[in-house]
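Here are a few short exercises to work through with the structure open beside you. Try each task before reading its solution.

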Amino acid sequence: MEGAGAGWPEPVVRVQSLSESGAATIPERYVKPEAERPALAATEAAEGGRIEGIPVVDLSSPCDPATARAVSEACREWGFFQAVNHGVPRELLRRARGVWRGFFHQPMEVKQRYANSPATYEGYGSRLGVEKGAVLDWGDYYFVHVRPPHLLNPDKWPHLPPELRETTEQYSREVAALCERLMAAMSAGLGVGESRLQEAFGGAEGAGVCVRVNYYPQCPQPELTLGLSSHSDPGGMTVLLADDRVRGLQVRRRGAWVTVDPIPDAFIVNVGDQIQVLTNATYRSVEHRVVANADQERLSVALFYNPKSDLPLAPMPELVSPERPPVYKPMTFDEYRLYIRRKGPQGKNQVNSLKATAVVKPAVSMGA
Ligand code: OGA
Ligand code: NI
């Protein structure tokens with residue numbers, strides 16, 4: 001039996017249990033409205049037409065101005081890139097994937113000990129948002145805070161497999177250091193000096209780091225649902241370790257969905273809403289989603305690098321001028337993240353709702 005899960009609007013069902021039940025159809029709760037379905041055939045046809053993939057950026061010389069230019073160009077044009085030669089050891093990537101696969105492959109009663117609630121989202125979860133009756137995504141996840149240190153709570157981390165905690169801590173340390181290098185390159189590429197963006201985040205000490213491990217089980221009807229609905233990431237930037245075997249991530253590009261073809265051991269980096277706000281929309285957080293897969297499970301490890309959470313964030317003055325007035329009004333990340341935690345993934349509605357000049361009424365309002 002699976003409990004209602006404190007604070008969730010209805011009993012929590014693990015997608016993995018649905019998948020392992022062997023049912024040939026998915027429950028109604030996971031069936032997306034037609035307009036949101038992945039239209040797998042259309043996507044594959046487009047790939048046959050060789051549409052351009054997300055840019056690839058070589059980070060072997062992080063301080064080289066050419067690296068800052070390449071990072072900056074990718075953040076302006078795509079909001080996404082694959083980072084190669086990023087300096088995080090391949091062995092650590094392998095271990096991070098391995099321990100988390102190990103976690104999701106444990107018996108359900110072991111995983112249930114870590115069931116999360118919408119109060120903090122930390123732990124084992126199966127939905128984003130607390131709207132009763134919402135259509136759900138075909139995926140489970142595990143969410144942990146790593147920084148700032150007072151939010152690191154090992155009691156909420158799995159005890160098994162035995163190397164999970166140490167590996168996750170080591171992995172987060174290395175990837176957070178990579179984020180600091182990327183912040184410097186992104187900042188230099190704006191022409192505001194390489195430490196400016198990090199300062200706007202409240203310094204490296206104030207920055208938040210959390211990890212969300214996504215587990216997408218096999219799905220008997222992938223054409224009707226999504227592993228993760230369209231959203232932009234609410235935080236600063238995201239560094240994703242995609243599955244090494246199974247594709248699934250798609251990025252919105254000029255109205256179409258581009259499937260990412262991960263380079264082995266590369267990271268997929270994307271701009272989050274807070275960097276879009278701070279850069280006055282020079283860098284863009286872009287919608288993305290995950291399609292489900294009939295034949296294989298898929299695992300990804302997302303590390304979110306976020307600004308200090310109680311700092312009101314607004315466009316940096318250097319990027320504001322009479323010709324380019326501030327696009328967004330100030331808000332702290334603590335307030336901002338409540339939106340996705342209540343409403344679940346909603347495309348780019350949230351960042352649009354922050355627009356200072358309310359020309360377009362937001363589709364969904366924060367206060368609801
Ligand atoms: C996320 C996300 C993509 C993936 O966790 O925010 O977009 O491929 N994940 O799992
Ligand atoms: Ni995302």
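A disulfide is taken here as a pair of cysteine sulfur atoms within 2.5 Å. Keep in mind that the model is a predicted one.

**Exercise 1. Find out how many disulfides the structure has, and account for Cys75 and Cys63.**

Solution.
- Step 1: Searching the whole structure gives zero disulfides.
- Step 2: Take Cys75, whose closest cysteine sulfur belongs to Cys179; at 12 Å, this is too far for a bond.
- Step 3: For Cys63 the closest cysteine sulfur is again in Cys179, and because the separation is 16 Å, no bond can be drawn there.
- Step 4: Compare the surroundings. Cys75 is buried, with 1% relative accessibility, whereas Cys63 is exposed, at 73%.

**Exercise 2. Describe how helix 3 packs on helix 6.**

Solution.
- Step 1: Locate helix 3 at residues 65-77 and helix 6 at residues 164-188.
- Step 2: Their axes lie 8 Å apart and form an angle of about 80°. Angles of 65 to 115 degrees count as roughly perpendicular, so helix 3 is roughly perpendicular to helix 6.
- Step 3: List the residues that meet: Ala68, Val71 and Cys75 from helix 3, and Ala185, Met186 and Ala188 from helix 6.
- Step 4: Sort them by class. The contact has six nonpolar residues, with no polar and no charged ones.

**Exercise 3. Place Val57 and list its contacts beyond four places in sequence.**

Solution.
- Step 1: Val57 sits in strand 1, residues 56-58.
- Step 2: With a relative accessibility of 2%, Val57 is buried, since the cut-off is under 20%.
- Step 3: Setting aside neighbours within four places, Val57 touches Ala70, Val71, Ala74, Phe81, Gln82, Ala83 and Val84.

**Exercise 4. Work out which atoms coordinate the nickel ion (ligand 2).**

Solution.
- Step 1: The donors are NE2 of His231, OD of Asp233 and NE2 of His288, at 2.1 Å.
- Step 2: Written along the chain, their spacing reads H-x1-D-x54-H.
- Step 3: Check burial: both His231 and Asp233 are buried.

**Exercise 5. Identify the buried residues of helix 10 and what they pack against.**

Solution.
- Step 1: In helix 10 (residues 333-343), the buried residues are Phe333, Tyr336, Arg337, Tyr339, Ile340, Arg341 and Lys343.
- Step 2: Their packing partners are strand 4 (140-147), strand 5 (208-216), helix 9 (273-278), strand 12 (298-306) and helix 11 (349-353).
- Step 3: Look just past the helix: Gly344 follows helix 10 and has a positive phi, near 75°.

How values were computed:
Residues numbered from 1 in each chain as written. Chains lettered and ligands numbered in written order. Predicted model: local features only at pLDDT ≥ 70, side-chain atom pairs only at ≥ 80, totals over all residues. Heavy atoms only, no water. Donors = N, O, S within 2.8 Å, 3.2 Å for Na, K, Ca; no water. Buried < 20%, exposed > 50% of the residue type's maximum accessible area, 1.4 Å probe, protein only. Axes fitted to C-alpha atoms, helices over the stretch in contact; angles between N-to-C directions. Helix = DSSP H or I, 4+ residues; strand = E, 2+ residues; numbered from the N terminus. Parallel < 35°, antiparallel > 145°, perpendicular 65-115°, else oblique. Contact = heavy atoms within 4.5 Å. Nonpolar A, V, L, I, M, F, W, Y, C, P; charged D, E, K, R; others polar.
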